[in-house]
Amino acid sequence: MVARRHLLNWIIAATAVNGALIALVTMVMQLPGQSDQVVTLSILAVLVLLTVSIVLPMAGHRVEERQRQAEALEQEHRRRTALLAVGNTHRLPQLAEVTNVQLGATPTRYTRDGNAPYIPRIPDDEQIRAALTNSGPPYPFVLVWGATKAGKSRILAEALRAILPADTPVVIPVNGQALAELVHSGLPGCQQTPSLVYLDDLTAADLEALTSPVLDAICGRAVLAATITAKRRSQILTSGGDITRTARTAVERAHNHELTFRPPTPQEHQQAKRLYPAEVFRGSIAETLVGGAELIARYRAGQDDDPAGCALVQAAVDWRRIGMNRPITQAELHRLFPVYLPLIRAGMPATTIAFRNGLHQWAARPIASQVALLTPTASPAGDEHKAGQSGWVVFDHAISADEGTLTDHPPRPIPDEMWPELLSLITPFDALAVAVAAYLRKQINHAITAARKAMACHEVDKASAAASLLGGLLADQGDVEGAQAAFQQAIDSGHADHAPAAAFFLGGLLADQGDVEGAQAAFQQAIDSGHADHAPAAAFFLGGLLADQGNVEGAQAVYQQAIDSGHADHAPAAAFFLGGLLADQGNVEGAQAAFQQAIDSGHADRAPAAAIYLGGLLDRHGDVEGARAAFQWAIDSGHADHAPAAATFLGGLLADQGNVEGARAAYQQAIDSGHIEYASAAGSFLGLLLVERGDVEGALTAFRQVIDSGHVDEAPAAAVNLGVLLAERGDVERALTAFRQVIDSGHVDQAPKAALGLAVLLAEQGDVEGARAAYQRAIDSDEADHLPTAALGLGVLLAEQGNAEGARAAYQLAIDSGHIDHAPAATFNLGVLLNQKGDVEGALIAYQRAIDSGHIQHAPAAAVNLGSLLAERGDVEGAQAAFRQAIDYGHSEAAAYVQQSLDDPPLRSPNA
């Protein structure tokens, strides 16, 4: 714009000058005595001046334009270079030029002397190198994890040097966010493939920036190698929820190699002594070379030896623990010093002299290994807010000590006083990493404060990520309105990753609140973004939402969108749920196709789950062979849950087909899996199968195995079955013991059932009081299935003992239950009891009610008794009607008896 104004001014001025010159030449030409030569020269002069007046400003404009473009390119170069810890975007370092220290190894006296030979670790070296040799694209993402000073950075550096060419360009970003920004603007140095992208000591915030599109872009052109501590990796993987989902996905996507913290093997020790004769190797090789044990001992003793220095180290340790992955500046240390010093030595003044002495004479003083608890370093190139200021890096083993991962060093919690001070100290640029770390440490209020601060960052990447994070935090706290506003801010940012993520999370939030229309709109926004992860995720969840609303057609359409995305997780999940949806609609062919699509995906979870559902679907529709094949596929998958489940279902399928041996083998496979649910369920089914086949010993063994499993439901059920089986064998004592054990367990279903079994067994043994108590216990359970049975049994027992009132009350309890079988039986028995006691009217009423129940057994029996009772009273017509009613029920024994009764003379009519 400036150049255009300059050009316009030049043209206006040149036009005015040329006009004046033309006027002057015209005057000269009109003077008398002028020759033609003078006139010609004058005209030529005017033309030359005119040309120059036009060409010069245009040339100047072009120069200005090129200069502006060069400045813009240089500014972009400086911005992108600031994202790199080593090198610049014009010239990345080659692998041969990068030092082990730049790759994260702790500098020691040996590295400073240029003599730090590597001691191989078997088999870790071969395993890491094998992972790095996977051909691409996509090229491998290798993550080496373990305790501090296990040797992660060094072993990975050596593996990279062994596998990749020496001239491989190396991208070492300052953090994960910087790497994501480099990817979005074009990863530098990737003309040669594969190049190397290296991240040491990853944090959760780093991994949150490594979305699937970012990782896809990196691994399409470069090998990605990284390290992370075991503690931090565990925090991420066990965090759960949506807030750290991206970090978890990134970790799970990588080839993870655990490097254990251990002393050297005899072979390694021999080589170490040869290469480093002055060292005494006790812990790991890396710990020994840096003097880790000595430094931790100094740190532990610091509270007494040098409280000021110890306070500074603790402040620097907590600086890292709360998510700050850059060095802490001296000014920041000075600010935190008065917060930490009173925690170590109450009453000690936090003076400038104490600060300097503690820092330089204790914390930063190296031991023999030339490593100190605090090491000075320049601020990283990417830290534009602290550029040019000195910084300090804390010895990472001290972080592990305070995290409680080292022996003989108890964990030290981050002081509550640290958080407010820190949050007032950090800038919006730093706040995102602090928010993520605070969340992982369950400091939710501090995480919210940090996220709000990060939203003020001028960088869209950080601000939009912070808005999405804040939305998740507020949603977890029940602040729906605040969460919705934060998610909307992330959406409005238009960020390629965070806007679709926020739309997806907003959809879930609104769905949970019952705002179906709002949730649908948010999910659709995520789908329309076309994001590699969040679009298929939103389609999958929208499918579930629409299915719940009864919109089958809409659900089917968005499920298909998720399937068509080919996403590694959401496509198989959508195929699985689409199969279930179509099965519920009776579309067997469509359901079968969808389940098969999920199976063909080979997804670790969804494929075997789909095979089980497909097996069930085919079984229900008579395709036994297809069902058997599907169940077997799930079994062969070896899935920890679905394989035992499939074996159990296959056992049931084969048992129904009469294939006892096949069923037994399938059940045994589920039992051998040791699965907490299906092993015991299969054991119970196997026991029942063997009972049907007459293999009592086998059944007893199966039931005992289930009991020994201690399963909360299956073990009591198996004990009841064991009691019944033992009772049938005449092993009364063991049967009684089994029943009593179940009763004592108090199981809501099986204890009443065991009480019933115990009551019957005790009654058979003549223990009336014991039987009565057992029946009463089953009645007191108030279980709909057991109360009527127990009441009926108690009524029979009491009636046999001559306790008519007790029997009547028990029968009435069974009648009042309305049980489809036991209420009619109790009504019939009540009629018999009343008749025996001379209450004929009551008996007639009871028999009629039993008839009215329509029960296939008790109604005709009651009709027979009613007919007999009416006949005895001389009511021939009523008796005949009752007897004919019994015949109409089709009860064979009743029909024979009634026919005989009808043929007797007393029941014939006078005119017959």
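So, how many disulfides does the count come to here? Keep that one in mind for a moment. What you have in front of you is a predicted model, and I'd like to walk you through a few spots in it.

Right, the answer: the count comes to zero disulfides. For a pair of cysteines to be counted, the sulfur atoms have to be within 2.5 Å. Two of the cysteines are worth a look anyway. C219 is buried, at a relative accessible area of 2%, and C310 is buried too, with a value of 1%.

Now the overall picture. The protein has 912 residues, and 50% of them count as buried. Its secondary structure comes to 45 helices and eight strands. If you take contacts between residues at least 6 apart in sequence, 61% of them join residues at least 24 apart.

Okay, let's look at some helices. Find helix 19, residues 428-440, and helix 20, residues 444-454. Their axes come within 7 Å and cross at roughly 155°. Anything over 145 degrees counts as roughly antiparallel, so that is how helix 19 and helix 20 run relative to each other. The crossing is left-handed. On the helix 19 side, the contact includes P428, L432 and Y439, and on the helix 20 side you'll find, among others, I444, H446 and K453. By class, this contact has 12 nonpolar residues, one polar and one charged.

Next pair: helix 25, residues 534-548, and helix 27, residues 570-584. Here the axes are 9 Å apart, and the angle is about 15°. Under 35 degrees counts as roughly parallel, so helix 25 is roughly parallel to helix 27. Helix 25 passes helix 27 in a left-handed crossing. Helix 25 brings P536, A537, F540 and A547 to the contact, while helix 27 brings H570, A573, A574, F577 and L581. Sorted by class, that gives eight nonpolar residues, one polar and no charged ones.

Last stop, a single residue. Is L761 buried or exposed? Well, L761 sits in helix 37, which covers residues 750-764. Its relative accessibility is 4%, and the cut-off for buried is under 20%, so L761 counts as buried. And what is L761 in contact with, once we leave aside its neighbours within four places in sequence? That would be A727, V732, A735, L736 and F739. You can also check V724 on your screen: V724 and L761 are 37 residues apart in sequence, and their C-alpha atoms are 9.2 Å apart in space.

That's my tour, thanks for listening.

Notes:
Residues numbered from 1 in each chain as written. Predicted model: local features only at pLDDT ≥ 70, side-chain atom pairs only at ≥ 80, totals over all residues. Heavy atoms only, no water. Buried < 20%, exposed > 50% of the residue type's maximum accessible area, 1.4 Å probe, protein only. Axes fitted to C-alpha atoms, helices over the stretch in contact; angles between N-to-C directions. Helix = DSSP H or I, 4+ residues; strand = E, 2+ residues; numbered from the N terminus. Parallel < 35°, antiparallel > 145°, perpendicular 65-115°, else oblique. Left-handed = near helix turned anticlockwise from the far one by under 90°. Contact = heavy atoms within 4.5 Å. Nonpolar A, V, L, I, M, F, W, Y, C, P; charged D, E, K, R; others polar.
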